[in-house]
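Got your viewer open? Here is a short walk through the model, one selection at a time.

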Amino acid sequence: MGDTAIFIPPIKSQGIKTKLVPWIQTLIPHNFSGRWIEPFMGTGVVGFNLARGSALMADTNPYVIAFYQAIADGEITGRDVRAYLIKEGDVLRVQGEAHYYAVRERFNSDHDPLDFLFLSRAGFNGMIRFNRKGDYNIPFCRKPDRFSQAYVTKITNQVNRLATILRSGDFEFKVQDYRVTLDQVVAGDFIYCDPPYAGRHTDYYGGWDETDEAKLNEKLMHTTAPFVYSTWLSTQFRDNELSEKYWGDLPRITQKHFYHIGGNLDNRHGVVEALIYSPDLTSQQLNVQLMSEMESIPTLF
Ligand SMILES: C[S@@+](CC[C@H](N)C(=O)[O-])C[C@H]1O[C@@H](n2cnc3c(N)ncnc32)[C@H](O)[C@@H]1O
């Protein structure tokens with residue numbers, strides 16, 4: 001990554017780890033040249049910035065994978081995105097929320113990747129959430145003028161930049177459970193795991209509870225590659241007992257991170273985030289010390 005600015009992907013999601021990218025980077029061995037394995041890729045911001053060479057990017061959310069696969073295959077280009085967003089944005093401007101909900105209904109029946117992008121960028125707070133029937137159910141962000149010229153250009157540029165990143169490496173996208181992904185790990189790989197935070201926002205696509213946390217721990221403790229695992233340790237209200245129970249013996253670095261919920265400054269919630277890592281990564285400690293002194297930067301979902 002070097003001095004280059006962090007690449008922000010076109011899909012948004014709660015729990016996006018943009019601000020943690022430089023911090024995660026400190027734990028990657030300097031001589032690492034193997035495959036990047038990301039079983040919970042979400043928006044992909046971590047792997048798109050840090051993978052070098054080849055990567056296996058997986059998630060159980062089939063729509064995020066379909067969108068990125070279409071960009072990788074050249075089936076969706078920046079030009080397509082621009083034309084689509086201008087067209088839909090114009091209708092949104094005139095019809096307002098009725099159009100947002102029409103696109104949502106259309107997406108829930110046809111699953112068009114461009115409609116997924118539209119919802120991700122015009123849904124409330126850029127959140128991804130599905131109900132039990134598997135339908136996307138985020139309400140409108142209430143901004144009929146959402147797709148201004150500047151915003152459309154910004155998203156188009158993100159798609160173009162992503163296409164360049166994907167062409168420069170060997171990215172494999174898979175819709176699969178993290179256990180299948182972790183079974184595909186071989187020595188020389190590097191794993192970054194960012195599961196839904198148990199007890200906090202878990203409803204991205206499927207849930208996450210203590211059984212999942214225990215299974216993930218079991219898998220990671222028996223894998224042949226070094227891993228970094230993202231979790232939270234505490235908020236002003238409570239501690240994460242699961243992280244102590246399952247990951248208490250492993251080395252970690254921590255950082256207080258502020259999230260604005262709903263864009264309201266009075267709604268700043270501090271969360272102590274942790275990167276827990278396999279003991280074979282401890283040689284990076286010097287680097288880590290420096291980075292953990294970094295001031296944490298507020299993030300907007
Ligand atoms: C915290 S988010 C990942 C965020 C990501 N690091 C980013 O920066 O955008 C967790 C992701 O795990 C996915 N997920 C949930 N259960 C899963 C499972 N059993 N196997 C694989 N992925 C799963 C969700 O769809 C969601 O995208």
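**Stop one: a helix on the inside**

Start by selecting L114, D115, F116, L117, F118, L119, S120, R121 and A122, which are the buried residues of helix α6. Keep in mind as you go that this is a predicted model. Nine of the ten residues of α6 are buried, so the helix is largely enclosed by the rest of the structure. What is packed around them? Bring up α3 (62-72), α4 (78-95), α5 and α7 (149-168), because those are the helices that the buried residues of α6 pack against.

**Stop two: α5 against α6**

Now hide the other helices and keep α5 (residues 97-110) and α6 (residues 113-122). Their axes are 9 Å apart, and the two pack at an angle of about 140°. Antiparallel or oblique? An angle has to be over 145 degrees to count as roughly antiparallel, so α5 is oblique to α6. Turn the view a little and you can check the crossing, which is left-handed.

Next, show side chains at the contact. From α5, pick H99, Y100, V103, R104, R106 and F107; from α6, pick D115, F116, F118, L119 and A122. Colour them by class and you should get seven nonpolar, one polar and three charged residues.

**Stop three: the aromatics**

Time to light up the rings. Across the whole structure, a search turns up 25 aromatic pairs. For one of them, zoom in on F171 and F173, whose rings are stacked, with 15° between the planes and 6.4 Å from centre to centre. Buried or exposed? F171 has 14% relative accessibility, so it counts as buried. F173 is buried too, with a relative accessible area of 7%.

Don't zoom out too far yet. Add F7, F48, F67 and Y68 to your selection, and together with F171 and F173 you have one aromatic cluster.

**Stop four: a threonine in α8**

Last pick: helix α8, residues 178-183, and within it T181. How much of T181 is accessible? Its relative accessible area is 0%, so T181 is buried. To see what it touches, select I37, P39, L56, A58 and Q176; that list leaves out residues up to four places away in sequence.

**Before you close the session**

Want a view to save? Try the α5 and α6 pair with the contact side chains on, including Y100 and F107 from α5 and F116 and F118 from α6. For a second view, keep the stacked rings of F171 and F173 with the rest of their aromatic cluster around them.

Technical notes. Residues are numbered from 1 along each chain as its sequence is written. This is a predicted model: local features need pLDDT of at least 70, side-chain atom pairs count only at pLDDT 80 or more; totals for chains, interfaces and linings use all residues. Side-chain values use heavy atoms; hydrogens and water are left out. Axes are lines fitted to C-alpha atoms, for helices over the stretch in contact, and angles run from 0 to 180 degrees between N-to-C directions. Helices (H or I, at least four residues) and strands (E, at least two) are DSSP runs, numbered from the N terminus. Angles under 35 degrees count as roughly parallel, over 145 as roughly antiparallel, 65 to 115 as roughly perpendicular and the rest as oblique. A crossing is left-handed if the near helix is turned anticlockwise from the far one by less than a right angle, and right-handed if clockwise. Contact means heavy atoms within 4.5 Å. Ala, Val, Leu, Ile, Met, Phe, Trp, Tyr, Cys and Pro count as nonpolar, Asp, Glu, Lys and Arg as charged, and the others, Gly among them, as polar. Rings of Phe, Tyr and Trp (its six-membered ring) pair if their centres lie within 6.5 Å; planes under 30 degrees apart count as stacked, over 60 as edge-to-face and the rest as tilted. Buried means under 20% relative accessible area, exposed over 50%, partly exposed in between (1.4 Å probe, protein chains only).
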